[in-house]
Amino acid sequence: MEIMVLRRFFVIVFLAFSLNSAFCITNVTHVIHILVDGLSGIYLKKGIDENPSGFPNFGRFVREGACTFNARTDYDYTETLPDTVTTLTARPVIGTPDMPPSAKHLINFNYWNPYVTIHSYGDTNKGYISSVFDVVHDSGMTTGFFSEKDKFQMIVVSYNEVNGGMDLVGEDNGRNKIDFSSIIDTWNNPAVVLSFAEEIQSNHFNYSFVHIADMDYAGHYYGWGTEIWYEQLVVVDQCLGLIFDVIDNDEEFAGKTAIILTADHGGGYPPTTHVYPEYELNYTIPLLVWGAGFTPGSDLYDYFSNRLDPQHSRPDYGYRYQPLRNGDSSNIALSLLGLNPIPGSYMIPIFGQPPAVIKYEIINGFVVLSWKTNSGEYVLEASSSLSANSNWTVVNGNFITDGALYRYSHPIANNAPLLFFRLRKTSDNLMPLNVSQHP
Ligand SMILES: [Zn+2]
């Protein structure tokens, strides 16, 4: 049980249950994992909302896939190399002191350092830092790596035939975990995406990582969210169109491919940078998933039992309900491919019914409590105390639902006694909710 103390009127108590509703994707054999450098979740959403015809391929993710524009970067870093290593290893950069050394990667610099690998830098106790490339390659599948920044060489070197780990899974597929890599330091030039689109038609990599640098450069030169920044976003949208075209027209890919798109960081506070992790513009990124098995037009937060939309907040690693992060995206890719999570990784979203958590708001003099209907059937209970023998009674009346949320509202009364609320599963033989349908 977790207790939230909120303002002075109420204390909200919520119970969470581990649920095991199965989410099953069986026919994904290829995942394309796109990292759009500096793609702010806030500005991307604004662009799609205000100019949908300008971004038809981002729109395709929204219409046909499961999306959020409110995912998070690493807690401590909103920089390219640290967050990209987080994305590929499912580990925080520095994490917290109580995490084991192997649960963080410690790559806290943002330049090409040819003298280190991901495994050697920072703390020799951390050992080998396994990545999404290890799991895919060790299972006998193929991998590709495409990037627009030279400093990503460090990632390729870390998983080559010298520095990559032993393959202890089934047949020995060798230490070189990245079968093909192409790094072209460029921007405003679709060379990398063109090379990717050409390469995957002859080598149908099971997992490919594609890094597109444009939005970061446009942000540094002209400011995030400016007109020129959005012009560059049109170019990136066209790159996505090229990738969709390849998938749609190649029978090796069509119907069997998922695309996962995220960002290393956002940007825009201050206007031409992103390096301060405490600002919402910098830490808010998209996480878009497209492919068989997802309900078209759905919210990605509805698929995981251990992830919760953080609204505007920036939860640290101690918070019980973690937001979706860029660091979740590799383990999502592996789930879709039917593979286990990255060994030793920390960020493991679990497919299942989302947690039942009460959201608390004050709207026009009313306290409004709401929770998602797809969390399962619960009753709302109230009590005047939190002691062990406190008397919980079912709250009746004034519930409305719009299908997605249950809402209960209660007028604010001055000097009202403290009330505590909790959700209890209806399977515990309690009265069901008295819910009226919203017109
Ligand atoms: Zn940058």
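Here a trainee and a mentor talk through a predicted model, one question at a time.

Trainee: Before we dig in, what kind of model is this, and how are residues numbered?
Mentor: It's a predicted model, where local features need pLDDT of at least 70, side-chain atom pairs count only at pLDDT 80 or more, and totals for chains, interfaces and linings use all residues. Side-chain values use heavy atoms, with hydrogens and water left out, and residues are numbered from 1 along each chain as its sequence is written.

Trainee: OK, the sheet. In what order do the 8 strands of the open sheet come?
Mentor: Strands (E, at least two residues) and helices (H or I, at least four) are DSSP runs numbered from the N terminus, and two strands pair if DSSP finds at least two bridges between them. On that basis the sheet is open with mixed pairing, and the order is 6-5-7-3-8-9-4-10.

Trainee: Which strands stand at the edges?
Mentor: Look for strands with a single partner, so that one side is left without a neighbour in the sheet. Those are strand 6 (180-183) and strand 10 (298-299).

Trainee: Which residue in strand 7 is the bridge partner of His33?
Mentor: Strand 3 (residues 30-36) and strand 7 (residues 207-212) run parallel, paired over 6 bridges. In strand 7, the partner of His33 is Phe209.

Trainee: How many residues of strand 9 are buried?
Mentor: Buried means under 20% relative accessible area, exposed means over 50%, and partly exposed is in between, using a 1.4 Å probe and protein chains only. Thr284, Pro286, Leu288 and Trp290 point one way, Ile285, Leu287 and Val289 the other, and all are buried. So much for the two faces; the count for strand 9 is 7 of its 7 residues.

Trainee: And which residue of strand 9 is the bridge partner of Ile260?
Mentor: Strand 9 runs antiparallel to strand 4, with 5 bridges, and there Ala71 stands opposite Ile285. Strand 8 also runs antiparallel to strand 9, joined by 4 bridges. In that pairing, the partner of Ile260 is Val289.

Trainee: At what angle does helix 1 run to strand 9?
Mentor: Axes are lines fitted to C-alpha atoms, for helices over the stretch in contact, and angles run from 0 to 180 degrees between N-to-C directions. Helix 1 (residues 41-50) lies across strand 4 (66-72) and strand 9 (284-290), and its angle to strand 9 is about 60 degrees.

Trainee: Now the metal. Which residues are the protein donors of the zinc ion?
Mentor: Donors are N, O and S atoms within 2.8 Å of the metal (3.2 Å for Na, K and Ca), and water is not among the atoms, so sites may look incomplete. The distances here are 2.1 to 2.5 Å, and Asp216 appears with OD twice. The donor residues are Asp216, His220 and His274.

Trainee: Where along the chain do Asp216 and His274 sit?
Mentor: The donors follow the spacing D-x3-H-x53-H. The pair links distant parts of the chain, 58 residues apart: Asp216 is in helix 7 and His274 is in the loop between strand 8 (257-262) and helix 9 (280-283).

Trainee: What covers the buried residues of helix 7?
Mentor: Helix 7 (residues 214-222) has Asp214, Met215, Asp216, Tyr217, Ala218 and Gly219 buried. With contact meaning heavy atoms within 4.5 Å, the cover includes strand 3, strand 7 and helix 8 (227-248).

Trainee: How many disulfides are there?
Mentor: A disulfide needs a pair of cysteine sulfur atoms within 2.5 Å. The sulfur of Cys239 is 18 Å from the closest cysteine sulfur, in Cys67, too far for a bond. Cys67 is buried at 10% relative accessibility and Cys239 at 7%, and the disulfide count is 0.

Trainee: Which peptide bond is cis?
Mentor: Most peptide bonds are trans, and most residues other than glycine have a negative phi. Pro270 is in the loop between strand 8 and helix 9. With omega near -15 degrees, the cis bond is the one from Tyr269 to Pro270.

Trainee: Is Ala90, with its positive phi, buried or exposed?
Mentor: Ala90 has a phi near 60 degrees and sits in the loop between helix 3 and helix 4 (132-138). Its relative accessible area is 0%, so Ala90 is buried.
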